[in-house]
There are 2 protein chains.
Amino acid sequence: MQAAFHVGHRGVLPSFFVTMTIKGVVIIVNMTINVAAITVDLVLLTIRQSALHVLLIRRGIEPFGGQWALPGGFVHDDEDLGAAAARELREETGVDPSAGHLEQLATYGTPGRDPRGRVVTVAYLAMVPDLPSPVAGSDAAGAEWRPVDRAAGLAFDHDRILADGLERARAKLEYTPLATAFCPPEFTVADLRDVYETVWRTTLDPRNFHRKVTSADGFIEPTGHSVTRDRGRPAQLFRRGPATLLHPPLLRP
Amino acid sequence: MQAAFHVGHRGVLPSFFVTMTIKGVVIIVNMTINVAAITVDLVLLTIRQSALHVLLIRRGIEPFGGQWALPGGFVHDDEDLGAAAARELREETGVDPSAGHLEQLATYGTPGRDPRGRVVTVAYLAMVPDLPSPVAGSDAAGAEWRPVDRAAGLAFDHDRILADGLERARAKLEYTPLATAFCPPEFTVADLRDVYETVWRTTLDPRNFHRKVTSADGFIEPTGHSVTRDRGRPAQLFRRGPATLLHPPLLRP
DNA sequence: ACAAAAGTGTTGCGGCTACACCCATGA
DNA sequence: TCATGGGTGTAGCCGCAACACTTTTGT
């Protein structure tokens, strides 16, 4: 039997093989250059009750069925990587990505990290305010916000991805105004300090912190409003400023 | 005609199609989940004659045949991403990756960035000392060290990747001992200062620089030797120290 | 009145810039 | 001995940690 074959219109050669059984004849096409499935995974962080939480989903299918994992999924055809991450964020939380922060974290492609075959995942780091609405329903068996120090034992290499995401988040609070991504549109200096204290797992002097963030150029802007939260003097409300880098930075103690 | 088909043993579904002509009958198999070819590209930097240079290769084949591009290539089957980058580095320069520095930069996968089809590239940033030997021959039509400010007009999206690599390198000199990756095993404080001045495109006070780098814990260690380079008092030789982070950092002016 | 949280003023320390100054060598 | 680059000392500035103190609310 002779078979002429042609691979797609793109000229990219795949490496896995396709087996076809036609009228009892088995045809195996084996190819040479490697391809991989591309997924995006999300390290999606928020702060609830002064504790840093990560969104986990409970896998409904194999592999790792029943185990907890970071939310993620396959990149669609003709879809940009960042767009895939933004889509996942919308699907999993319902928030518009522009309300929080979304950035590429790193890419993981160790052979064997997915038992189904070669899967390269581009991980993204996202921070969102504490969402009043519950997590939007997804095709997973379940989803929940988990405190990051109770998130060990994830599927795939997601423990590693989560650790990398946490370290990135901690480092970026120092020299970028990223902390505001955890806050609602209007927030107090105490809210912002709670973000830093929670992510860094330290305590900060409220007086010096206040001075630093209000004097850092373009970090936060007063809205003119104020609120009284519990007891005590009402606090001014701020919104995020236009700065993209912090001058001077807030260094970890 | 009926055809039962089965995709590989891995369970990963590809998205492109395979057309087979068997005894005059055309069979098109179209699949749903996207796959991509995975490449690694290298932003390989060095310093020659006090100018920052990047290694470029002249493409021998289409697409972008004849144009200059970053060195790179396909990730092999069962090869880790970092291992593929290290292999490219060895192939292009002959240096052992441990002699310099190699780290993941970012991943680029915009549809259409490669006219052959969906190609996702994981870019790596590498720094090596000025190599006495010329660049090892490769399968490309040519290779050369190009000053970074004369490197515009590269193939694919490599202008963007190079810009991202340069910004990463500049930022990392501040708070890591990365600058030593540009230096030979033994170097003087003036050599190290030249690295900073070249990458940052500034001038630094030699006296204050000397004090800072010799007092930064674990940054550089004296070897006991010294050299006289041109005129003037002989300079002590140093090797890189064990530090992985700089305390305190050297901030850009 | 008192507790509690917001916000300001002040002091002292440590790192940094700027620059004077000394050291060791080649020509 | 002079030019040149290597290396040290020091004064002043600036940012920051520490903390006393004032302001504004709820109870």
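**Group meeting: protein around two DNA strands**

Let me start with DNA strand D, where the nearby protein surface divides into six nonpolar, six polar and eleven charged residues. Keep in mind that this is a predicted model.

Of the 23 residues around DNA strand D, the ones that come nearest are A:Arg207, A:Asn208, B:Arg207, B:Gly232 and B:Arg233. Which element gives the largest share of this surface? That is helix 4 of chain A, with four residues. Chain B also takes part: its helix 3 (189-200), helix 4 and strand 12 (235-240) each supply at least two residues.

Now some polar contacts on strand D. Polar backbone atoms reach base oxygens in two places: A:Arg233 at 3.2 Å and B:Gly232 at 3.4 Å. B:His210 instead uses a polar side-chain atom, 3.4 Å from a sugar or linking oxygen. Of the strand D atoms within 4 Å of the protein, 53% belong to sugar or phosphate, and the rest to bases.

On to DNA strand C. Here there are 20 residues around the strand, with A:Arg207, A:Arg211, A:Gln236, B:Arg207 and B:Asn208 nearest. For strand C, sugar and phosphate make up 54% of the atoms within 4 Å of the protein. The surface residues divide into five nonpolar, five polar and ten charged. Helix 4 of chain B gives the most, four residues.

What does B:Asn208 contact on strand C? Its side chain has an N or O atom 2.8 Å from a base nitrogen. The side chain of B:Lys212 places an N or O atom 3.0 Å from a phosphate oxygen. Finally, a polar side-chain atom of A:His210 lies 3.3 Å from a sugar or linking oxygen of strand C.

Methods
Residues numbered from 1 in each chain as written. Chains lettered and ligands numbered in written order. Predicted model: local features only at pLDDT ≥ 70, side-chain atom pairs only at ≥ 80, totals over all residues. Heavy atoms only, no water. Near = heavy atom within 4 Å. Polar contact = N/O pair within 3.5 Å; in protein donor to acceptor, adjacent residues only side chain to side chain. Nonpolar A, V, L, I, M, F, W, Y, C, P; charged D, E, K, R; others polar.
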